[in-house]
Amino acid sequence: MRYLPLTDTDRTAMLDTIGAPSVDALFADIAPAQYLGGPIEGLPLHATEMAVEKHMRALSQQNLAAGDAPFFCGAGAYRHHVPATVDHLIQRGEFLTAYTPYQPEIAQGTLQMLFEFQSQVARLYGCAVANASMYDGSTACWEAIVMAGRQTKRNRVLIDGGLHPHYVGVAQTMAKFTHAEIAYEPPVVEADAGEEALIARIDETTSCVVVQYPDIIGRVPDLARIAEAAHAAGALLIAVNTEPVALGALEAPGNLGADIVVGEGQSIGVGLQFGGPYLGLFAVRDSKLVRQMPGRLCGETVDADGKRGFVLTLSTREQHIRREKATSNICTNSGLCALAFSIHMTLLGEKGLNGLAAENHRLACLAADKLAAVPGIEVVNEVFFNEFTLRLPVESRPLVRALAEKGVLAGVSLGRLFPDADALANGLVVAVTETTNEADIDALCSALTEELA
Amino acid sequence: MNKPINQSGWRPGTPMASEDAGAHPTVTGNKALMLEEPLIFEIGNAETTGVDLPQAKGDTASRLGSHARKGPIGLPGLSEPETVRHYTRLSRQNYAIDLGLFPLGSCTMKHNPRLNEKVARMPGFADVHPLQPVDTVRGALGVINELAHWLIELTGMHGVAMTPKAGAHGELCGILCIRAALEARGDAREVILVPESAHGTNPATAAFAGYKVEDIPANAEGRVDLEALKARLGPDVAGVMITNPNTCGLFERDMKAISDAVHAAGGFVYCDGANFNAIMGRVRPGDLGIDAMHINLHKTFSTPHGGGGPGSGPVVLSEALSPFGPLPFTAKMSDGIIQLVEEENASEHGHKQAFGRMTAFHGQMGMFTRALTYILSHGADGLRQASGDAVLNANYILRSLDDVLDAPFGKTGPCMHEALFGDAGFAEGMSTLDLAKGLIDEGFHPMTMYFPLVVHGAMLIEPTETESKAGIDQFVMAMRSLAERARAGDEALKTAPHHAPRARLDEAMAARKPRLAWSEPEVAPGSGNYEIPGAG
Amino acid sequence: MARYFTEEHEWIEVDGDTATVGITDHAQEQLGDIVFVEVPEAGKELTKGGEAAVVESVKAASDVYAPIAGTVIEGNAALEGDPELVNTSPEADGWFFKMTIADKGELDGLMDAEGYKSFCDSL
């Protein structure tokens, strides 16, 4: 077996040193009734690199890759071009095969990268401090809700209808066990983001208000107004962003008064990967909240010779020290995805991110205008970044399937996202990025025209 | 809030940083292949970009409304060559499995095959959206299902929840399954029992799920005290969380009896699967009565640690717990088609008791492709050989060092895949930390230290199966030398490492005055050594 | 004024109807470099043996328990900016909080300086 260096000669010599007659003898603590004497039956035996690659390639070819079709899916995961440099650098063994940097003397590469990453995220979000990443946007969102409960000592969570329904689902699942009380209604598909109605539901028992920016419909809620109302009631505003490229064009949530800003970082550097691994981003506007934050934090310090260096710090918040008193049970962050994000963001820089955002917005506007001209289709949004919602004359879910058969991945149907909400069944969320070209947009328009005729 | 980028033009590594370079100072602070690297904020600027964007054609009216950004973000950009150099230089300050032995107990730092990486990057896996119509992602569902099948067969369990994103997330999934199962039968129990030697995530997870945590006592040989456990079981105990092999590197011989006792008292058994690498293909947790166990794909199945994630923690479940596993999941139908089960079709697939959703999409697909590739490469025979070699390597280290290091549980028999030592016999003032930092100078990553808590100055060494005998012999030689130095009280160890990119770092300073994001330094360019503001 | 000690390594100095509480020199030595202290807010009701404050070093976090029942009068604000005061002056400037004394009888079970010294020697 190509991954196992020991030879039979080695094994014999080592068993001699140990004083054991066989490798099986080393497993003597397992009762004979339960010990497996040979390979588990019914499973294949070892295979060559060629054979495994062939098997996996065959599976991969049963999927329609986004790059092989006009592609308009978004709703929390976005297809962006990732420069070849990113993938090359994250595959350097010193990054790829390193452990969590608990030994800072020999992990400055990862640590400095994390410090840079935290600084980039904090700036992008308009916050003072960001952590070293979390599993994904949905778990980061839940952790923010838990943190707000700790901070305000209240347990009523007001979730805006515009939050991604899977994020809501995660929060509802976890709340069942932690006794947080979740107030949530699915969105109304109209141009107005519904800030007025949301504000009316904030009260003195509200721990936090959770608002996605831009939201699942593609609208851009007025965070400053919501922040003001939340703060007046002693509640925190949690802003959730699932498309970081949008923040190249939109005001940063922290600058609008959001207290905790969380989100999905997948768009920058990570790729679609059928949903994971992704990259949870987590930041707080006021550095006073740092000790309530979940997740790893990297900080600057000096070494014994006075040289600048970086370490994981404030680790007393974490499970390996606090055990049942930890701020979160999370142990792993999303280090390699954070590296990919940071490299891509460094390649972009301020100028590149602004340009990328502008290009996304331009193409999305173009697509919205062309789609609005398709008979029977109405564009719901007045305001959007690179994603907007169509109201169709028919149920969107079967339509999306029919278009997929024609080789067009038309977007994400609200029917799939909200299976229980009949009022949303005709909604289709369409995302347009720099990877979409005008020919793709035309292909979508004509496929829709044909299908709706 | 947003500060301008590097207005002062200050950067480290210029002449002032060189005075500690020993007998042969350099003006740059660099030492041949060891290159100091400033932060991107110190070398980048707002005008530079390493990405060429398409030239915008035509113009459309903005739909951003009143929400357009008003000021700069403050993000530095680098050109492509500068970017490559920056991250390449940083990478060289890291230790990694690709460089050498990584004996971190309970972390299973094994070789990461590159075929895994190649497969994960096939466009049919890497470039697929999680919400594409199901008919366009049959191969992706096939990967999830095929991996699920292997995990079930290898563990002898009934079902598997694939979505948890890492070990601790998997633990939470397992505990929530237990809680949902108890609630479904109207049985409110409040206590989870956890051994003192457990990973800190175990009590943190149980507490997060709303349980009170109590210790399970251990016996003198480092295993769970079965009689004491039995005495504690009762109608208030929801379950136990046990690590097997345990964190002392020993197999819990009484596991089946423990499970039977817990079940008889109406509770469930959670097993922390962090150490599955020791027993893969040798014993099936299902045969030991376990109800739920997470599997760290980033440990046992070689998906890369990536400097701290991403991980992946599928949870195998017993027949009693399977109906409660979270959505979404895949299931093979009688017609052979693999179905994606989500909220809307959970009832029709007999899964209406699912406790909910733990993550937005389908779990760590990129890790699934890698883990399946690894498993198919090994096959049932190779996986069994892997656990055998892992245990052989650990026992070889145990017996090669137990005359110079105290092995508190090593006398009574073999260990599993990790060897545990304590600091008994070290000279006054010498610590496990000193020995571990000495190991850095010898070219190895330190072992897991001060864990488990039940052994004073614990050193937990897990070589894994992907080390050669020659590599291990060199490690043993280094360890024997360091053990002698620690016993003799060699003062030079107290300031080790001496050859790493950095000497010991001041962690107290980092925690007292946290500096967690870059901001403009409060020194003028070229004015001397850089000092952290407020660090005094 | 009288100073008492607990087996949890807190000291409590009684001055009339109020008391000042901190952790002992032995405790700070065991904890190592103190990096953060969370002191209770004025008005907080404390029960004997209940959690009153948190002290964190680089490697450990510990709860500080109320040696007796009472109400917090004041937390030591200086510890927020200078947690290292607990290392440099554990039994003076590094005090944690001042409290009222609900029941002077509760002091009877505590150790005096000599008793605490022999307690530490026995550890």
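**Exercise 1. Describe residues 18-100 of chain C by secondary structure and by the separation of their ends.**

Solution. Over residues 18-100 of chain C, helix accounts for 18% and strand for 42%, where helices (H or I, at least four residues) and strands (E, at least two) are DSSP runs, numbered from the N terminus. The end C-alpha atoms of this span are 5 Å apart. An unreviewed UniProt entry lists these residues as "domain: Lipoyl-binding"; UniProt positions are given in the numbering used here, feature names are shortened, and annotations may be inferred rather than shown by experiment.

The model is predicted, so that local features need pLDDT of at least 70 and side-chain atom pairs count only at pLDDT 80 or more, while totals for chains, interfaces and linings use all residues. Residues are numbered from 1 along each chain as its sequence is written, and chains are lettered from A and ligands numbered from 1 in the order in which they are written.

**Exercise 2. Work out where helix H10 of chain B bends, and how its span compares with that of a straight helix.**

Solution. First, take the ends: H10(B) covers residues 365-401, and its end C-alpha atoms are only 41 Å apart. Next, take the reference: a straight helix of 37 residues would reach 54 Å, the expected span being 1.5 Å times one less than the number of residues. Then locate the bend, which is about 95° at B:Gly379, taken as the angle between axes fitted to the seven residues ending there and the seven starting there. Finally, 35 of the 37 residues of H10(B) are buried (20 or more other C-beta atoms within 10 Å of a residue's own, with C-beta atoms placed from the backbone).

**Exercise 3. State how many residues of chain B and chain A form their contact, and which element of chain B gives the most.**

Solution. The contact takes 182 residues from chain B and 174 residues from chain A, two residues being in contact if their C-beta atoms, placed from the backbone, lie within 7 Å. On the side of chain B, H10(B) gives the most, with 23 residues.

**Exercise 4. Give the domain division of chain B and the contact between its domains.**

Solution. Chain B is divided into domain 1 (116-371) and domain 2 (382-495), with bounds from an automatic or database domain assignment. Their C-alpha centres lie 30 Å apart, and the contact takes 18 residues from domain 1 and 20 residues from domain 2.

Technical notes. Bend = angle between axes of the 7 residues up to and from the residue. Buried ≥ 20, exposed ≤ 12 C-beta atoms within 10 Å, placed from the backbone.
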